[in-house]
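User: Hey, can you walk me through this one? I'm new to reading structures, so plain words please.

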Amino acid sequence: MSRIVDALTGGSDKCVIPGHGADSALPEGRDLAFTPEVERETAPLYERVRDIVPAVEWPLFAPFVYAINRLKRERDAVILAHNYMTPEIFACVGDIRGDSLQLAREAARTEARVIVQAGVHFMAETAKILCPDKLVLIPDERAGCSLASSITGRDVRLMREAHPGVPVVTYVNSSADVKAESDVCCTSSNAVQVTEWAAAEWGADRVIVIPDEYLARNVAAQTPLRIITWRGRCEVHERFTADDVAGLRQAYPGAVVLAHPECPPEVVAASDYAGSTAALARWVGERAPARVVLLTECSMSDNVAAESPASQFIRPCNLCPHMKRITLENLYDALRLLRHEVVVPEDVAARARVAIDRMLSLPRATRPADFATGRDPVDVTVMSAA
Ligand code: 13P
Ligand code: SF4
């Protein structure tokens, strides 16, 4: 048991809610019931998702929503919920909601003692790096990411040897080891801004932007800088094609097509707008298009649709199997059993923190940056594991 878990449980292996006496071990998830009290207390939360979650399913979700929200207060915990969480998680138990940049910023500011990541492992690591004294939990340790697993710290060192003096901008979708070998982090909300800042700061005409080849190519289309990248791909976004966009436009005339910049550059070029998940949500919220397609993970459309009743969503989406590992059941267990603790060795965390802090201390934009669409593809140098 770690020092932080120990402090929260008073050293007991048995999970007891602080302040509820030594015998009040919490019920297993299967023992939670849809009582009249649960129904009454969760009714306002159901209003947030009623257009997305059928009424017949709510009695299955509500007991977990009720128990999780109580347990959060008792544990002094917050849930960071990424935009790709399913609506009953995102809208009903998430305290801090948003894209990777928003979650990192808010994690750094929270005063709660426990942070539970409703998202994937690299996000939980980022929270731990920014909040070393807090207990950071991930409900399922298998919630990985194809981008984060595409590259190692050693790969970054080899890239540096091949390109001495060139700054390394690393997408937050990466392990702590990789961040520790980097100069500065970025997210899809600020990738162009950070890349241009790094070039100016290092006095370079080239920048290493890793590990997402497509994000790097999309950055390259927005800046005159030369970009060196890595052959990493998001397994969700790499599957969209320019033919998909053409087919959608033919089948749904007038629909606006919005793409995430992890999509291939020809998909971004063929779309009407591109940006981070926060940028896509904002665009729909501000413009209220009659018909819209979000080329990104499936739950994103559900979460934006829950707040955009005027728009019809066409959903040719792809599921992220890693994000979908997070459920109400394992969020409940994470809070009940204080598991699974995310640990980052302090020497790695200290170096990774420098790269994350550099990103967070850049001037804060008033809105997430967008990627101009319709651009011609630009040549970049792509490296891969030997
Ligand atoms: P953003 O929410 O930062 O746009 O990232 C998308 C993503 O794929 C996270 O894994
Ligand atoms: Fe990784 Fe793509 Fe899943 Fe995001 S959507 S966690 S980038 S695999």
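**Chatting through the model**

Analyst: Sure! Four strands form an open sheet here, in the order E2-E1-E3-E4, and the pairing is parallel. Keep in mind that this is a predicted model.

User: Which strands are at the edges of that sheet?

Analyst: Strand E2 (96-98) and strand E4 (135-137) are the edge strands, and each of them pairs on one side only. On average, neighbouring strands of this sheet are turned by 15 degrees against each other, ignoring direction.

User: And how many bridges are there between E1 and E3?

Analyst: Five bridges, with strand E1 (residues 77-82) and strand E3 (residues 114-118) pairing in the parallel sense. If you want a spot to click on, valine 78 has isoleucine 115 in E3 as its bridge partner.

User: Cool. Zooming out, how many helices and strands are in the chain?

Analyst: The chain has 16 helices and 14 strands. Its C-alpha atoms fill a box of roughly 65 × 55 × 35 Å along the principal axes.

User: What radius of gyration would a compact globule with 386 residues have, and what does the chain have?

Analyst: A compact globule with 386 residues would be near 21 Å, and the chain has 21 Å, so the two agree. Also, 50% of the 386 residues count as buried. Among contacts between residues at least 6 apart in sequence, 69% join residues at least 24 apart.

User: OK, new topic: E5. Which way do its residues point?

Analyst: In strand E5 (residues 168-171), Val168 and Thr170 point one way, while Val169 and Tyr171 point the other way. All of these are buried. That fits a general pattern: in a regular strand, side chains alternate between the two faces of the sheet.

User: Which strands does E5 pair with?

Analyst: One is strand E7 (residues 206-210), paired with E5 in the parallel sense over three bridges, and valine 169 stands opposite valine 209 there. Another is strand E6 (residues 184-186), also parallel to E5 and over three bridges, where tyrosine 171 stands opposite cysteine 186.

User: What about the ligands? Which residues come nearest to ligand 2?

Analyst: Of the 13 residues around ligand 2, Cys145, Ser146, Cys234, Val236 and Cys320 come nearest. By class, that shell has seven nonpolar, three polar and three charged residues.

User: And what classes of residue surround ligand 1?

Analyst: Two nonpolar, seven polar and two charged residues make up the shell around ligand 1. Among them are Asn83, Asp99, Cys234 and Glu262.

User: Last topic, odd backbone spots. Where are the cis peptide bonds you can point me to?

Analyst: One runs from isoleucine 210 to proline 211, with omega near -5 degrees. Proline 211 lies in the loop between E7 and helix H10 (213-220). Another goes from arginine 339 to histidine 340, with omega near -10 degrees, and histidine 340 is in the loop between helix H15 (328-337) and helix H16 (346-360).

User: Why would I care about those?

Analyst: Because most peptide bonds are trans, and most residues other than glycine have a negative phi. On the phi side, leucine 338 has a positive value of about 50 degrees although it is not a glycine, and leucine 338 lies in the loop between H15 and H16. Alanine 288 is not a glycine either, and has a positive phi of about 40 degrees.

User: Is alanine 288 buried or exposed? And leucine 338, buried or exposed?

Analyst: Alanine 288 is exposed, because it has 11 other C-beta atoms within 10 Å, and 12 or fewer counts as exposed. Leucine 338 is buried, with 22 other C-beta atoms within 10 Å.

Definitions and conventions
Residues numbered from 1 in each chain as written. Chains lettered and ligands numbered in written order. Predicted model: local features only at pLDDT ≥ 70, side-chain atom pairs only at ≥ 80, totals over all residues. Pairing = 2+ DSSP bridges. Helix = DSSP H or I, 4+ residues; strand = E, 2+ residues; numbered from the N terminus. Axes fitted to C-alpha atoms, helices over the stretch in contact; angles between N-to-C directions. Near = placed C-beta within 6 Å. Nonpolar A, V, L, I, M, F, W, Y, C, P; charged D, E, K, R; others polar. Rg over C-alpha atoms; globule rule 2.2 N^0.38 Å. Buried ≥ 20, exposed ≤ 12 C-beta atoms within 10 Å, placed from the backbone. Contact = placed C-beta atoms within 7 Å.
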